[in-house]
Amino acid sequence: MEYWLELWREEHTKFTNLKDLIELSASEEDASLEREILFETEKLSASVESLELKSMLSGKDDDKNCILTIHSGAGGTEAQDWAEMLLRMYMRWGEQNGFKMTILDVLDGDGAGIKSATVEVDGEFAYGNLKAENGVHRLVRISPFDANKRRHTSFASVFVIPIVDDTIEIDINPSDLRIDTYRSGGKGGQNVNKVETAIRITHIPTGTVAACQSERSQNQNKVNAMRLLKSKLYQIEKQKKEAAIDEIEKSKMKIEWGSQIRSYIFHPYNLVKDHRTEIETSNTQSVMDGNLNSFIKEYLLKFSDN
């Protein structure tokens, strides 16, 4: 409660200061203050909108940091390039909204793009915001890889889970784990690690896999991979207890036609449309540059428990 009271006090102070500024401008007939008033009004409006979003984030795990995973669908290079475009989009969104984005693992594509990526997102209500992105994302465009310039449809899936904290007990038997090491790095060059510092941990009973290659230290990569594995197993156990174990597979819908939550159309016209909320925009470039908050807000308005 004190948290929300403090937020209200901050917004009320901003409003009072803006009101005083408007009154000062009117009493002194000082037109030079108009630009400052406009600037402060826009700031207050954005701040209130952000607070409105936070008020919708009351789910059990909404305040937690999260793991965002992207997988390319069938279609080879086309889908892998689309997966990389989505990774860039989410990285830009995180930077714009004050979240710390750490790429834990990337599996490069065959020639271009990526097959998969795992990103840790740290910040206030990270999971509450990004849970809106769970599902299949569909792209329609003229392929840059097709010499005949034909239109292609590509799919990629996004899966978001909360990061569990140390107060949650997840019992993992060491004998149930298979730990593999491999060389981290990209497709070549100076950044390719010559030592096997990357870690992949497989939980054999469930087939759950967690990997990390973001650190130079094998030990630190192992710590991060175990934390990721623990979060994934927690998500499974939580859904079991809620008698909804099948929800995991439902949320990982087939990465194909008819299962998408959002379509990104670059040809023959520009349109990004969310099929759950019907919100859409023709400014596709803005969306790909990370401007996702209108989609997130509409999702929370429609599906929030509040």
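**Ser-154, the cores and a three-stranded sheet**

Guide: In this predicted model, Ser-154 touches Glu-78, Ala-79, Trp-82, His-137, Arg-138 and Leu-139, leaving out residues up to four places away in sequence.

Visitor: Which element does Ser-154 lie in?

Guide: Ser-154 lies in strand S5.

Visitor: Buried or exposed, that Ser-154?

Guide: Ser-154 has a relative accessibility of 1%. The cut-off for buried is under 20%, so Ser-154 counts as buried.

Visitor: And how far apart in space are Ser-154 and Thr-77?

Guide: Their C-alpha atoms are 9.6 Å apart, while in sequence the two residues are 77 apart.

Visitor: Switching to the largest nonpolar core. Which residues touch the most other members?

Guide: Leu-86, Tyr-90, Val-121 and Tyr-264 do, in a core of 40 residues.

Visitor: Which elements give two or more residues to this core?

Guide: Strands S1 (66–72), S3 (114–122) and S5 (151–162) do, along with helices H3 (77–96), H4 (126–130), H7 (284–288) and H8 (293–303). The largest share comes from H3, with nine residues.

Visitor: What is Tyr-264 in contact with, neighbours within four places in sequence aside?

Guide: The contacts of Tyr-264 include Trp-82, Leu-86 and Met-89. Others on the list are His-137, Arg-138, Leu-139 and Val-140, and also Leu-271, Val-272, Val-287 and Met-288.

Visitor: What lies apart from the largest core?

Guide: Another core, of 19 residues, with Ile-170, Ile-172, Ala-210 and Ala-225 among them.

Visitor: Now the sheet with S6, S7 and S8. What order do the strands take?

Guide: The order is S6-S7-S8, in an open sheet with antiparallel pairing. On average, neighbouring strands are turned by 15° against each other, direction ignored.

Visitor: Why is one side of S6 and of S8 left without a neighbour in the sheet?

Guide: S6 (177–182) and S8 (208–212) stand at the edges and each has a single partner strand, so one side of each has no neighbour there.

Visitor: How many bridges pair S6 and S7?

Guide: Six, in the antiparallel sense, with S7 spanning residues 198–203. Leu-177 is opposite His-203, and Tyr-182 has Ala-198 as its bridge partner.

Visitor: And how many bridges join S7 to S8?

Guide: Five, also with the strands running antiparallel. Ile-199 stands opposite Cys-212 in S8.

Visitor: What do S7 and S8 form?

Guide: A hairpin, with four residues between the two strands. Gly-207 sits in the turn and has a positive phi of about 75°.

Visitor: How many residues of S7 are buried?

Guide: Five of its six residues are buried, so S7 is mostly covered by the under 20% cut-off.

Technical notes
Residues numbered from 1 in each chain as written. Predicted model: local features only at pLDDT ≥ 70, side-chain atom pairs only at ≥ 80, totals over all residues. Heavy atoms only, no water. Core = buried A, V, L, I, M, F, W, Y, C linked by side-chain atoms within 4.5 Å. Buried < 20%, exposed > 50% of the residue type's maximum accessible area, 1.4 Å probe, protein only. Contact = heavy atoms within 4.5 Å. Pairing = 2+ DSSP bridges. Axes fitted to C-alpha atoms, helices over the stretch in contact; angles between N-to-C directions.
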